[in-house]
Amino acid sequence: MATPAVETIRNGRDWAWLPELILDSVLQNLVSLQDYLQFSSVCKPWHAAAESQKRRRIATSPQNQAPLLMVPTKDRSHLRRGLYSATARNRLLETTLPVPWHRRCCGSSHGWLAFLEEEDRVTLYNPFTQARISLPTISGTSHLRDEADDHFHLYTNFAKKIVLSADPSTHGHDYVVAALINYPVYRTLAVIRPGRDDKWTNYTGPEELSTDLIFHQGWIYATAYRGMLARANVEGVGTRGYVPVLEMVVPQWSEIYEISKPSYLVESSSGDELLMVVRCLEERDHEFSFVTADVKVFKLVRAAGASCCHYYVEVEDLNGDAVFIGDSYSVAVPAAEFQGCEADTVYFSDDYVEVKPHYFHLGPHDIGKFNVKERKFGTHFYVADPAQNRGMPPPIWVFPTLMKQ
């Protein structure tokens with residue numbers, strides 16, 4: 001005799017009320033977040049089941065998806081953005097997101113975008129759920145706004161990059177926001193615990209920071225000029241007696257590193273290793289039109305003695321990972337778990353287009369992939385149409401989260 005649930009399926013009625021065990025079984029076999037988003041949009045019960053399953057996945061696997069590239073729509077909408085998959089067969093997804101044309105996006109972490117608002121306040125925005133979190137003014141930068149004209153301020157941000165340690169949707173107030181801040185003569189680090197702190201904590205250190213930062217094993221690491229690496233323990237941020245100090249863990253490394261080469265910090269998919277991806281740029285065709293000519297990857301080796309400095313060694317592969325770098329939080333995923341994702345490959349987006357205002361009219365074009373093991377570039381997965389992208393915010397990687405129901 002058929003159970004009520006089976007009888008319901010046979011008759012095609014009340015699909016919304018399928019037993020949770022059946023829904024969980026389906027969800028466990030969905031790898032692509034595109035399928036996840038479609039599943040969660042069917043009805044409220046299915047959305048609730050997907051959200052519950054997602055929370056369990058996040059608890060056991062912090063990075064369980066390959067990111068999508070958020071791109072301008074074909075009609076150059078100032079209200080929405082499209083999604084492009086670097087790995088899926090149908091690369092341009094049907095889903096578009098409500099993300100209005102804005103000041104430069106300062107970062108993308110765990111599905112959240114970071115924008116610099118008026119008075120240098122930071123807004124965190126999740127384009128999948130449309131949730132917003134307002135943060136205080138970043139200390140010490142408001143006076144810089146008066147020193148720049150409107151065009152420069154629109155396309156050049158005083159926050160080089162903003163990253164989150166965790167998804168606010170699933171971690172409440174248990175997360176940290178970190179920003180690389182451009183002061184008049186140097187760049188440094190500022191952090192805040194939203195919901196707990198009412199102001200940012202600024203760090204001091206012996207050297208100027210450069211292009212990227214990442215949370216790794218209880219520390220926040222940041223690249224510094226001349227190949228150096230800085231770190232700070234953020235566990236005590238906001239507590240009485242906490243002294244915000246940056247320490248250099250990798251000394252000057254100028255013999256194989258140049259200031260002109262942007263670098264990105266990436267945690268391996270296993271969480272065990274910290275990598276630095278160096279992107280070697282080459283000027284082409286137009287003034288200030290740069291393209292990636294080579295990519296090198298280095299692994300941080302931790303010295304045994306407390307008084308010894310850490311150092312880098314170049315690696316010949318990524319242990320099967322695929323790495324995604326750009327204006328977003330740099331991430332690595334196990335390529336074998338995602339169909340179409342290429343192992344030992346660095347996927348990069350153009351994050352230089354808004355740094356120089358006079359370069360903005362060219363539009364983003366330095367977008368591609370590089371196989372570290374084979375030492376060669378692959379076919380560009382996204383070819384930016386100049387007519388579609390010129391004058392629009394550049395593509396940026398974003399981790400999909402469940403849509404608002």
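1. At what distance does a polar contact join the side chains of Thr292 and Arg279? In this predicted model, the polar contact between these two side chains spans 2.7 Å, and the side chain of Thr292 also takes part in a polar contact of 2.8 Å with the side chain of Asp366. Thr292 is found in strand β18, which covers residues 290–301, and with a relative accessibility of 8%, under the 20% limit, Thr292 counts as buried. Once the neighbours within four places in sequence are set aside, the residues in contact with Thr292 are Arg279, Cys280, Leu281, Phe348, Asp366 and Phe377, so that both partners of the polar contacts named above, Arg279 and Asp366, appear in that list as well.

2. As to the chain as a whole, the model holds eight helices and 25 strands. Of its 405 residues, 53% count as buried. Among the contacts between residues at least 6 apart in sequence, 52% join residues that are at least 24 apart.

3. The largest nonpolar core has 51 residues, and the members that touch the most other members are Leu189, Leu229, Phe324 and Phe381. A second core, separate from this one, is made of 19 residues, including Val122, Leu135, Ala179 and Ile181. Leaving aside neighbours within four places in sequence, Leu189 is in contact with Ala178, Ala179, Thr201, Asn202, Tyr203, Leu209, Leu213, Ile220 and Leu246. Ala179 is thus listed among the contacts of Leu189, although Ala179 is a member of the second core.

4. Thr188 has its place in strand β10, residues 187–192. Is Thr188 buried or exposed? Its relative accessibility is 7%, and because this is under 20%, Thr188 counts as buried. A polar atom of the Thr188 side chain lies 2.9 Å from the backbone oxygen of Tyr203. The C-alpha atoms of Thr188 and Asn202 are separated by 7.7 Å, with the two residues 14 apart along the chain.

5. On internal space, a search of the whole structure finds three cavities of 30 Å³ or more. The second largest cavity encloses about 50 Å³ of space, and its lining consists of Pro67, Ser108, Ser109, His110, Ser328, Tyr329, Val331, Trp397, Val398 and Phe399. The elements that give two or more residues to this lining are β4 (105–109) and β25 (396–398). By class, the lining of this second largest cavity has six nonpolar and four polar residues, with no charged residue.

6. Ser85 sits in the loop between β2 (80–84) and β3 (92–98). Why does Ser85 count as buried? The relative accessible area of Ser85 is 4%, which is under the 20% limit, and therefore Ser85 is classed as buried despite its place in a loop. Beyond its neighbours within four places in sequence, Ser85 is in contact with Leu68 and Arg91.

7. Two backbone angles may be checked by the reader. Phi of Arg76 is near 55°, a positive value in a residue other than glycine; Arg76 lies in the loop between β1 (68–72) and β2, and Arg76 is partly exposed, with a relative accessible area of 31%. Phi of Gln217 is near 50°, again a positive value in a residue other than glycine, and Gln217 lies in the loop between β12 (209–216) and β13 (219–224).

Terms used:
Residues are numbered from 1 along each chain as its sequence is written. This is a predicted model: local features need pLDDT of at least 70, side-chain atom pairs count only at pLDDT 80 or more; totals for chains, interfaces and linings use all residues. Side-chain values use heavy atoms; hydrogens and water are left out. A nonpolar core is a set of buried Ala, Val, Leu, Ile, Met, Phe, Trp, Tyr and Cys residues joined through side-chain atoms within 4.5 Å. Buried means under 20% relative accessible area, exposed over 50%, partly exposed in between (1.4 Å probe, protein chains only). Contact means heavy atoms within 4.5 Å. A polar contact is a pair of N or O atoms within 3.5 Å; within protein, one must be able to donate a hydrogen and the other to accept it, and residues adjacent in sequence count only if both atoms are side-chain atoms. On a 1 Å grid over the protein atoms alone, a cavity is a set of points where a 1.4 Å probe fits but cannot get out, and a pocket is an open set with protein on both sides within 12 Å along at least five of seven lines; lining residues have an atom within 4 Å of a point. Grid points are joined across faces, edges and corners, and a volume is the space filled by probe spheres set on the points. Ala, Val, Leu, Ile, Met, Phe, Trp, Tyr, Cys and Pro count as nonpolar, Asp, Glu, Lys and Arg as charged, and the others, Gly among them, as polar.
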